[in-house]
Amino acid sequence: MVGTVFGTGFVFGMRFRSHTTSLWIILWLGLISGCSTLDVKQHYAQHTPEQNLTADYYQIDIPSHDGITLKATLYQPALAPGETAPLIIHAHGFGVFRMPRPMSVYGQLVLSGEAALKAWESGRYWLISFDQRGFGDSEGDVEIMSVDHEVKDVSAIIDWAEASLPQLARDEDNDIVVGMVGESYGGGAQLLASIFDERIDAIVPITTWHNLAEALAPNGHVRTAWGGMLLSAGTFSSFFDFGKAYASPYLDMFNGKMNVAAEIELERRSPSSYCANGQYPQADMLLVQGFRDTVFPVNHAYQNWLCGRRGGVDARLVAIQGGHILPWPIQSWSGIPFYNTEDRIRCGEYEASAVDMILSFLDEKLRGESTGKAGMSVPRLCLTVPEGQGLVAGDMITGGDNAMMDDTGLSLIHSGWFEVVMQPVDRMLSLLWRRDNTGADFDDVTGGNFRPAFRPLRQVSEPTQLVGIPRIRINMETTDEDQESVVFVGVGVRRQGQRNVELVSEQLTPLPGDGRYDIPLAAVSTRLGPGDQVGLVMQGFSGQFFFNPEGWFESATLSGEVALPLDHAARAFSVADHH
């Protein structure tokens, strides 16, 4: 799958199934076609249990809890007399809008929309795709997933469906059977709504957050590349109903630092704050998150997975490769930006299309069917790797092999600034001059002045995988104590024969100034071959955090331990072991 964006990290992904012309046809149809709003009460007034329902869809208005009107599209399934079907609610990403017809961007090109639409086309589910408040045709202002606004809107939709729709499936308590699916902003809606509304039976949050404040500003440093997109998307796609964009705490974040007032608000909009207080999601969940997602790393889904398990629900996590992807040169080529997901999921013996995986989970939870088309249930924890068979695991590896790192210095700001030019040069030089990682330069630190510093820590002797959450225990000292001189760190790999260092899964974590850091890094996933070196990348500038660097003409020194989630079945040795 590949992606498009209306300027934000909370975006929607698309799959180009044919030529670009097909996309323009879909967009054109969306502009020229429209349906009048259905009076649902009158429409179903004459319906009796002895009548068939034919497959159709209608534009509807749903009154919400505070008097605003939510615009939605109701997809009616084909049902025989007396036959019932569960309800699926589809929630869109930030800055976009609902699925108003089957031939739409969401219905044809976006994972969450494709899965929801296929569920309806099967004739086994009712479907409501709605514009979240402030977006599309819905009234109200965008409140960034406030529990008093957007989250209550979900409950209002369930209330409306229960009061308005015939032949809805019900459970043993006579409650209607409800599932949800959606990505990013729509994923946050599901998790939070499930905490507050026990009527939701199953959710599929795709690429979303656990702690929104930490996602947007890890260690207090704002992801300004995504922040700029958030501001433009929220403003224009909500037709300037995005008042939060201009509140001073949020505008203040464009200096690169988290604002305390904004942090408090964003944490209230996060599952993390409720999980910490013993309030857990009440719906079974299938979490889908991407290792290369540079706004919501896999760590967020892992924490939501743990939260769900503590709450006693059936929580499953499939860690894919894609997600929210910045364009080159901010982020190396990882699929078409700004959002993309894979077509197929491979983990151990489990293999299925991403759409069928979601449908099999919903069938299991909402219809009581134990297996999908693959003949197997979705794994409890699936960790994919690039271009290979993923791992079915009992838990996410956090930490792993400890490797000592001696004092390693680098210039601040300058290191990393020129990567847009130097990375292509590295790749070209690798075609002419192959680097031998096993020579005397094995433990040399490369870069650190105008290039990122790379400190090799492990060299692999057999094919293996680096999958999990690295952890650092590092001391950092800078030459100017009066400045908060940030260093961005991540796990890097230098392949045997290559000159360039790959930043694994494109993930960097900011270390804001002097001190000791004992923290996890963003989760990573890659395959390793004999001779590949794994180590720590350190740089003073990153396009992902464009406005954040400080410390012109200053330097930093880092030392300590790095724990790497290497496959322990394969052999790796450290710098010290090599000599």
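Strand β26, residues 533-539, is largely enclosed by the rest of the structure, because seven of its seven residues are buried. The model described here is a predicted one. Two other strands pair with β26. Strand β18, residues 453-460, runs antiparallel to β26 and is joined to it by six bridges. Within this pairing, Leu-536 of β26 has Arg-455 opposite it. Strand β21, residues 486-494, is also antiparallel to β26, and seven bridges connect the two. Here Gln-533 of β26 is the bridge partner of Arg-494.

A second covered strand is β6, which spans residues 126-130. Five of the five residues in β6 are buried. The cover is found on both faces: Trp-126, Ile-128 and Phe-130 are buried on one side, and Leu-127 and Ser-129 are buried on the other. Strand β4, residues 69-76, pairs with β6 in the antiparallel sense through four bridges. In that pairing, Phe-130 of β6 is the bridge partner of Ala-72. Strand β5, residues 87-91, runs parallel to β6, and five bridges join them. Leu-127 of β6 stands opposite Ile-88.

Burial also applies to a residue in a helix. Ala-354 belongs to helix α13, residues 354-367. With a relative accessible area of 1%, Ala-354 falls under the 20% limit and therefore counts as buried. Glu-114 is 240 residues away from Ala-354 along the chain, yet the C-alpha atoms of the two are 9.7 Å apart.

The surface offers another view of the model. Leu-251, Phe-254, Trp-417, Phe-418, Phe-450, Phe-546, Phe-547, Trp-552 and Phe-553 make up a nonpolar surface patch, and their accessible area together is about 990 Å². One of these residues, Phe-553, sits in the loop between β26 and β27, the latter covering residues 555-564. The relative accessibility of Phe-553 is 73%, so this residue counts as exposed. The loop that holds Phe-553 thus begins after β26, the strand whose seven residues are buried.

A patch of another kind is negative. Glu-172, Asp-173, Asp-175 and Glu-198 form this patch on the surface. Glu-198 is placed in the loop between helix α6, residues 185-196, and strand β8, residues 200-206. At 62% relative accessibility, Glu-198 is over the 50% limit and so counts as exposed.

The loop between α6 and β8 also takes part in a salt bridge, one kind of contact of which the structure holds 27. In this bridge the side chains of Glu-162 and Arg-199 meet, with an N to O distance of 3.7 Å. Glu-162 is in helix α5, residues 150-164, while Arg-199 is in the loop between α6 and β8, so the pair ties together parts 37 residues apart in sequence. The two partners are covered to unlike degrees: Glu-162 is partly exposed at 29% relative accessibility, whereas Arg-199 is buried at 18%. The loop therefore contains both the exposed Glu-198 and the buried Arg-199.

A further salt bridge joins Arg-380 and Asp-314, whose closest N and O atoms are 3.5 Å apart. This pair links distant parts of the chain, 66 residues apart: Arg-380 is in the loop between α13 and β15 (381-383), and Asp-314 is in the loop between α12 (298-310) and β10 (315-320). Arg-380 has a relative accessibility of 45% and counts as partly exposed. Asp-314, at 15%, counts as buried. Both residues also belong to a network of salt bridges that links Asp-284, Asp-314, Arg-316, Glu-364, Lys-365 and Arg-380.

The last pair to note is Arg-367 and Glu-369. These residues form a salt bridge in which the closest N and O atoms are 3.7 Å apart. Arg-367 has a relative accessible area of 29% and is partly exposed. Glu-369 is likewise partly exposed, at 28% relative accessibility.

Definitions and conventions: Residues are numbered from 1 along each chain as its sequence is written. This is a predicted model: local features need pLDDT of at least 70, side-chain atom pairs count only at pLDDT 80 or more; totals for chains, interfaces and linings use all residues. Side-chain values use heavy atoms; hydrogens and water are left out. Patches are made of residues with over 30% relative accessible area and no salt bridge: like charges are joined within 9 Å, nonpolar side chains (Val, Leu, Ile, Met, Phe, Trp, Tyr) within 5 Å. Accessible areas come from the Shrake-Rupley method with a 1.4 Å probe; for residues, only the protein chains shown count as cover. A salt bridge is a side-chain nitrogen of Lys or Arg within 4 Å of a carboxyl oxygen of Asp or Glu. Lys and Arg count as positive and Asp and Glu as negative; His and the chain ends are not counted. The place of a charge is taken as NZ of Lys, CZ of Arg, CG of Asp or CD of Glu. Buried means under 20% relative accessible area, exposed over 50%, partly exposed in between (1.4 Å probe, protein chains only). Two strands pair if DSSP finds at least two bridges between them.
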